[in-house]
Every structure is written in C-alpha cells, then in structure tokens.
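Which charged side chains pair with one another in this model, and where along the chain do the partners lie? The report below takes up these points in turn.

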Amino acid sequence: MIALLQKIEQRIDALLQPIVVLGMLALIGVITLQIISRVFFNAVPWTEEIARFLLIWITFLGATLAFQRGRHIAVNLVVDALPQTLARFTKIVACIIVLAFMVSLILIGYQYMQVQSFQKSPSLRWSMLYIYAVMPISASLMLLYAVIDLLELITNPKSAKPNESSL
C-alpha cells in the first residue's frame, strides 16, 4: 500500500513540477509585456490581473512541492537530540498536527472559494472561484502527502523523510 501511495506521490510531483515552471515562465512573460506596454505604448489592462492570478497559483502549488520535498522551514535540533523512540513519537504527533491544519485549510479554503465565487475579476471578468480554488486543491495535496508521511512513519520507524517534511 505504501508503495502505491509513493507512486501516486511521485506522479503528482511529476505533474505539478512542469505546471509551476510553466506558470513562472508565463508570469515572466506577462510582467515583461506589462513593462514594455507601459513604457512604450498604452498599458495592457489585463496583465496585472494575470500576473496576480499566476502568482497566487504558483505560490500554493510551489508550497505543495516544497512540502512534498521537505523544503519548508523546520527546526529539527530538539527532535534529532531525542532518543529514537521519542523522536519517532514526536514526528508522528507533528504529522497529526499537520493533518489537522490541512483539513482546516481545506475547509476554510473551500468556504473562501464559495464566498468569492460571485465576484468577477475587474478586467477579465473571470469568476474568482477559479482563482481561489488553488487553496483547497493544494491543501488537499499536502494532506495526502502528510498521510503518506504518517503511514511511512508508522510502518517504517527508520524512515527519514517525515523528519524533513513534517516538522
């Protein structure tokens, strides 16, 4: 079961990585267009909106990738100094806290998405539902990653990955 979940995790990572890279390239292109149009021509009104929306999506999806790879800020000094059994217990508790936080972020993100669904963006007239949908989507992915980390900790006490990503 863990092997299947790890394959799913790798496939999601393989899907998210190019999306974030393409989003960054699009953001660079849109901001370049915005600068050129403001300096040499009339400003293109939709570039600021697109840049803002891309930044929102890139931030959340990038945070999801960072979470999966254990790249968020962590303080491991105390946990690393603990005996192995206590360190493992601490990591499990940290995973459970992360799970609770992600569930609350999914719920809050979904509610916020619903509240914003009636609002349209000023120049493109897009529903803000699509813009803020990334919040519960990325929190759901991080929840999946945290579940996988927790299962790895429970089934394989010597697993090092949850030490990196959960604390």
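What follows describes the salt bridges of a predicted model, together with the solvent accessibility of the residues that form them.

Three salt bridges are counted in the model, and they are set out here with the separation of their nitrogen and oxygen atoms.

| Salt bridge | N to O distance |
|---|---|
| Asp 13 and Arg 69 | 3.0 Å |
| Arg 38 and Glu 48 | 3.6 Å |
| Arg 52 and Glu 48 | 3.2 Å |

The side chains of Asp 13 and Arg 69 meet in a salt bridge, and this pair links distant parts of the chain, since Asp 13 belongs to helix H1 (residues 2-40) and Arg 69 to helix H2 (residues 46-69), with their positions 56 residues apart. Asp 13 counts as buried because its relative accessibility is 13%, under the 20% limit, whereas Arg 69, at 33% relative accessibility, counts as partly exposed.

The remaining pairs involve Glu 48, which forms a salt bridge with Arg 38; this pair also links distant parts of the chain, with Arg 38 in helix H1 and Glu 48 in helix H2, ten residues apart. Glu 48 also meets Arg 52 in a salt bridge, and because these two residues are four residues apart in helix H2, about one helical turn separates them. Arg 38, Glu 48 and Arg 52 are thereby linked in a network of salt bridges. Within this network, Glu 48 is partly exposed, with a relative accessible area of 41%, and Arg 52, at 40% relative accessibility, likewise counts as partly exposed.

Technical notes:
Residues are numbered from 1 along each chain as its sequence is written. This is a predicted model: local features need pLDDT of at least 70, side-chain atom pairs count only at pLDDT 80 or more; totals for chains, interfaces and linings use all residues. Side-chain values use heavy atoms; hydrogens and water are left out. A salt bridge is a side-chain nitrogen of Lys or Arg within 4 Å of a carboxyl oxygen of Asp or Glu. Buried means under 20% relative accessible area, exposed over 50%, partly exposed in between (1.4 Å probe, protein chains only).
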